[in-house]
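User: I'd like a close look at one part of this protein, the charged side-chain pairs and what sits around them. Could you walk me through it in plain words?

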Amino acid sequence: MPTNEQRRAAAKRKLERQLARREARARRQRLLGIIGAAVVVVAVVAAAVFFFVLNPDDSDPDTTAAQDTTGATDGAADVPAGAPAPLATGGPGQLPTFDPPANLGADCQYPAAAPASKPVDPPRTGQVPTEPALISASMATNQGNLGLWLDNGKAPCTVNSFASLAQQGYFDDTPCHRLTTGPALSVLQCGDPTGMGTGGPGYQFDNEYPTNQYQFDDPALQQPVTYPRGTLAMANAGPNTNGSQFFLVYQDSQLPPNYTVFGTIDETGLETLDKIAAAGVAGGGGDGAPATDVQVTSILLD
């Protein structure tokens, strides 16, 4: 027969179970109340959205003007934190404002060219994504690091190739073979494993922005525009001969819009470029191998 102490313990346990059940019921009731209130709020918001989206008030010119201005920012609203400001475009003598071609990134092709200077597989062909619009990358050199933002929203076929080469280590332990320090052209050129200015990945591909903003026979293609300080662009040997060589603009430079812009360089990278440029060209002059040896250690996508 249970003792009085055992009966008291059993009663206490029973009471604790009852209290726990009551608290659980109370929590469920509070949760149902919160859910119910949230449903009401969502319903009100949805009704408001339905009204304002499907029945816009066109009578407010300030609202309309604001909407139009937002649409003309050339993607500035999509710049992630830490990315450089978008390049100035659209003015006289500047790069053209980007107008996305209907087939942007829809059919990237990389036909075979001269043998590759370093073993590498070509990138995937066909349709490639255009989002995210900007992709962060880190370019490590023996002279310092450069942060890059690859403009996938303007030059997706180019970014697809560059990313593929970087991921395969194609750029690892390769020189930046050319520095120009003239008043109209101030760039550091890299991406050729041979260091001779003739190397490539064994394939070529077509130009993208800004070349694709013009008609094929447009005289403007022969007129120089400003490639601003901080521009990352492809070197080529003529129309649609892009490979692996690219150049980094450290001072505003004048070039015909025949060189695909596929990214920008961050402030740390520009400081590194300024240091390299300050050392000048080997043997003097304004165009040739950098006086300071520049070796790319790696390019990694962040």
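User: To start with one residue: is Asp 274 buried, partly exposed or exposed?

Analyst: Asp 274 is partly exposed, at a relative accessible area of 28%. On that scale, buried means under 20% relative accessible area, exposed means over 50%, and partly exposed is in between, with a 1.4 Å probe and protein chains only. Before going on, a word on where this comes from: the model is predicted, local features need pLDDT of at least 70, side-chain atom pairs count only at pLDDT 80 or more, and totals for chains, interfaces and linings use all residues. Residues are numbered from 1 along each chain as its sequence is written, and side-chain values use heavy atoms, with hydrogens and water left out.

Now the partner. Asp 274 makes a salt bridge with Arg 229, and their closest N and O atoms are 3.0 Å apart. Here a salt bridge is a side-chain nitrogen of Lys or Arg within 4 Å of a carboxyl oxygen of Asp or Glu. Arg 229 sits in the loop between β6 (225-227) and β7 (231-234), while Asp 274 belongs to helix α4 (residues 267-279), so the pair ties together parts that are 45 residues apart in sequence. Helices (H or I, at least four residues) and strands (E, at least two) are DSSP runs, numbered from the N terminus. Arg 229 is partly exposed too, with a relative accessible area of 28%.

By the same rule, the count comes to 3 salt bridges. Another one joins the side chains of Arg 178 and Asp 287, at 2.9 Å from N to O. Arg 178 is in strand β4 (residues 178-181) and Asp 287 in strand β11 (residues 287-288), so this pair ties together parts that are 109 residues apart in sequence. Arg 178 is partly exposed at 31% relative accessible area, and Asp 287 is partly exposed at 46%.

Then there's Lys 154 with Asp 151, a salt bridge whose closest N and O atoms are 3.4 Å apart. Both of these residues are buried.

Next, the strands. Strand β2 (residues 144-151) pairs with β10 in the antiparallel sense over 3 bridges; two strands pair if DSSP finds at least two bridges between them. In that pairing, Leu 148 stands opposite Ile 265 of β10. β7 also pairs with β10, in the antiparallel sense over 3 bridges, and there Thr 231 has Thr 264 as its bridge partner in β10. As for β10 itself (residues 261-265), the strand is mostly covered, with 5 of its 5 residues buried.
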